[in-house]
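Colleague: I should like to understand the labels attached to this model. May I ask you to justify each of them in turn?

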Amino acid sequence: MKLVPLGDRVVLKQVDAEETTKSGIVLPGQAQEKPQQAEVVAVGPGGTVDGKEVTMQVKVGDHVIYSKYAGSDVKLEDQAYIIVRQNDILAIVE
């Protein structure tokens, strides 16, 4: 199966959380903060959304930073994804 987003939606695959701190302390799963960085795996067509013309500014393969509480979590074939609106993406990491 494949996720195909509609409108200005973007499908993200979250990067793995840090398992150790910079000082070398190993963090258990519950103490790890959910990272806000992800890879774009699918991009909607854009078009007219809520009466405004939307041009998609991200592309598949981009690494992005998104809002902390944005999007909907989806699990498909044992893989977790997040579906967000393009305006929930704060920056592209280069």
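Colleague: What makes the pairing of Asp8 with Arg9 a salt bridge?

Modeller: A salt bridge is a side-chain nitrogen of Lys or Arg within 4 Å of a carboxyl oxygen of Asp or Glu. In Asp8 and Arg9, the closest N and O atoms are 3.6 Å apart, and the pair therefore qualifies. Please note that this is a predicted model, in which local features need pLDDT of at least 70 and side-chain atom pairs count only at pLDDT 80 or more, whereas totals for chains, interfaces and linings use all residues. Residues are numbered from 1 along each chain as its sequence is written, and side-chain values use heavy atoms, with hydrogens and water left out.

Colleague: How many salt bridges does the structure hold?

Modeller: The structure holds three. Asp8 also meets Arg85, with N and O 3.4 Å apart. That pair joins distant parts of the chain, since Asp8 is in the segment before β1 and Arg85 is in strand β7, 77 residues apart. Lys59 and Asp62 form another, at 3.2 Å from N to O. In general, side chains of opposite charge can pair when their charged atoms come close.

Colleague: What links Asp8, Arg9 and Arg85?

Modeller: These three residues are joined in a network of salt bridges. Asp8 pairs with Arg9, and Asp8 pairs with Arg85 as well.

Colleague: What makes the approach of the Asp8 side chain to the side chain of Arg85 a polar contact?

Modeller: A polar contact is a pair of N or O atoms within 3.5 Å; within protein, one must be able to donate a hydrogen and the other to accept it, and residues adjacent in sequence count only if both atoms are side-chain atoms. The distance here is 3.4 Å, so the pair is within the limit.

Colleague: Is Asp8 buried or exposed, and how do you know?

Modeller: Buried means under 20% relative accessible area, exposed means over 50%, and partly exposed lies in between (1.4 Å probe, protein chains only). Asp8 has 6%, so it counts as buried. Its salt-bridge partners fall in another class: Arg9, at 31%, is partly exposed, and Arg85, at 27%, is partly exposed too.

Colleague: Which residues does Asp8 touch?

Modeller: Contact means heavy atoms within 4.5 Å. Leaving aside residues up to four places away in sequence, Asp8 touches Val49, Val54, Met56, Val84, Arg85 and Gln86.

Colleague: Why is Lys59 classed as it is, and why Asp62?

Modeller: Lys59 has a relative accessible area of 55%, and so it is exposed. Asp62 is at 10%, and therefore counts as buried.

Colleague: What makes up the largest nonpolar core?

Modeller: A nonpolar core is a set of buried Ala, Val, Leu, Ile, Met, Phe, Trp, Tyr and Cys residues joined through side-chain atoms within 4.5 Å. The largest one here has 14 residues, and those with the most contacts inside it are Val10, Leu12, Val40, Val58, Val64, Val84 and Ile89. At least two residues of this core come from each of β1 (9–14), β2 (37–43), β5 (63–66) and β7. Strands are DSSP runs of E with at least two residues, and helices are runs of H or I with at least four, numbered from the N terminus. The chain has zero helices and eight strands. In soluble globular proteins, nonpolar side chains tend to be buried together.

Colleague: Which residues form a nonpolar patch on the surface?

Modeller: They are Ile65, Leu90 and Val93, with about 240 Å² of accessible area together. Such areas come from the Shrake-Rupley method with a 1.4 Å probe; for residues, only the protein chains shown count as cover. Patches are made of residues with over 30% relative accessible area and no salt bridge: like charges are joined within 9 Å, nonpolar side chains (Val, Leu, Ile, Met, Phe, Trp, Tyr) within 5 Å. Val93 lies in strand β8 (residues 89–93). Its 35% makes it partly exposed, so it passes the patch threshold.

Colleague: What is the value of phi for Glu77, and what is it for Asp78?

Modeller: Phi of Glu77 is near 50°, a positive value in a residue other than glycine. For Asp78, also a residue other than glycine, phi is near 60°. Glu77 lies in the loop between β6 (72–76) and β7 (79–85), as does Asp78. Glu77, at 57% relative accessibility, counts as exposed, and Asp78, at 72%, is exposed as well.
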